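Q: Before we begin, could you show me the sequence and the model, and then take me through how its features are read?

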Amino acid sequence: MSFKFAHYNYNVIDLEKSLRFYEEALGLKEVRRKAAEDGSFILCYLGDGETDFQLELTWLRDWEKDCYNLGDNEIHLAFTTDDMEAAHKKHQDMGCICYENPGMGIYFISDPDGYWLEIVPAR
């Protein structure tokens, strides 16, 4: 028996805003979508065009709060980049950098729902 990574999920408040953010900030594109027949949810799967791993964004129609409780936000998804300088400038211009650790050579950006995404140099 074996297991392989398939996808990771974030629940989002504004699906279209999140889709725009992930495309602009990280170049992720929607690869498939599933919507409930009754309109109660939409699942959008995003891919990087290079790996099979996907990020699933879930929108729930009946979510009554204006945000998700992320606790201490000690979880994150990480992305590598082949150009840290250009990536940092892009994210700085977008105003989405939320934490930097120059000593480790990494930084984090925050999506519209407050999820942290780590940016690390490709090795």
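**Contacts, rings and a pocket**

A: We can begin with a single residue: K34 touches F41, I42 and L43, leaving out residues up to four places away in sequence, where contact means heavy atoms within 4.5 Å. K34 is found in strand β2, residues 29-35, strands being DSSP runs of E with at least two residues and helices runs of H or I with at least four, both numbered from the N terminus. This is a predicted model, in which local features need pLDDT of at least 70 and side-chain atom pairs count only at pLDDT 80 or more, while totals for chains, interfaces and linings use all residues. Residues are numbered from 1 along each chain as its sequence is written, and side-chain values use heavy atoms, with hydrogens and water left out.

Q: Which residues does I42 touch in its turn?
A: I42, which is found in strand β3, is in contact with L15, R33, K34, A35, L57, T58 and W59, again leaving aside its neighbours within four places in sequence. A separation can also be given between C-alpha atoms: those of I42 and D14 are 28 residues apart along the chain and separated by 11 Å, and those of K34 and E118 are 84 residues apart along the chain and separated by 27 Å.

Q: Is S18 buried or exposed?
A: S18 is buried, because its relative accessible area is 0%, and the cut-offs are under 20% for buried, over 50% for exposed and in between for partly exposed, with a 1.4 Å probe and protein chains only. S18 is found in helix α1, and its contacts beyond four places in sequence are V12, L57, P112 and D113.

Q: What can be said about A25, and where is it found?
A: A25 is also found in helix α1 and is buried, with a relative accessible area of 7%. Not counting residues up to four places away in sequence, A25 touches K90, H91, M94 and I109; of these, M94 is 69 residues from A25 in sequence and 7.9 Å away in space, C-alpha to C-alpha.

Q: How is a pair of aromatic rings described?
A: A pair of aromatic rings is described by the distance of the centres and the angle of the planes. Rings of Phe, Tyr and Trp (its six-membered ring) pair if their centres lie within 6.5 Å, and planes under 30 degrees apart count as stacked, over 60 as edge-to-face and the rest as tilted. The structure holds 8 aromatic pairs, and one of them joins Y8 and Y10 edge-to-face, at 5.4 Å centre to centre and 85° between the planes. Y8 counts as partly exposed because its relative accessibility is 28%, whereas Y10 counts as buried at 2%.

Another pair, formed by Y99 and W116, is stacked, at 6.2 Å centre to centre and 20° between the planes. Y99 lies in strand β6 (residues 97-101) and W116 in strand β8 (residues 116-121), so this pair ties together parts that are 17 residues apart in sequence. Y99 is partly exposed at 39% relative accessible area, and W116 is partly exposed at 26%.

Q: Which residues do ring pairs link into a cluster?
A: Ring pairs link Y8, Y10 and Y115 into a cluster. Y8 lies in strand β1, residues 7-12, and touches F53, Q54, L55, E56, I75 and L77, not counting residues up to four places away in sequence.

Q: How is empty space found, and how much lies in the largest pocket?
A: Rolling a probe the size of a water molecule over the atoms shows where empty space is left. On a 1 Å grid over the protein atoms alone, with a 1.4 Å probe, a pocket is an open set of points with protein on both sides within 12 Å along at least five of seven lines, and lining residues have an atom within 4 Å of a point. About 560 Å³ of space lies in the largest pocket, which is lined by 22 residues, with L26, L28, D48, F79 and T80 nearest its centre. The elements giving two or more residues to this lining are α1 (15-26), β3 (41-47), β4 (54-60), β5 (77-81) and α2 (84-94), and β5 gives the largest share, 5 residues.

Methods. Grid points are joined across faces, edges and corners, and a volume is the space filled by probe spheres set on the points.
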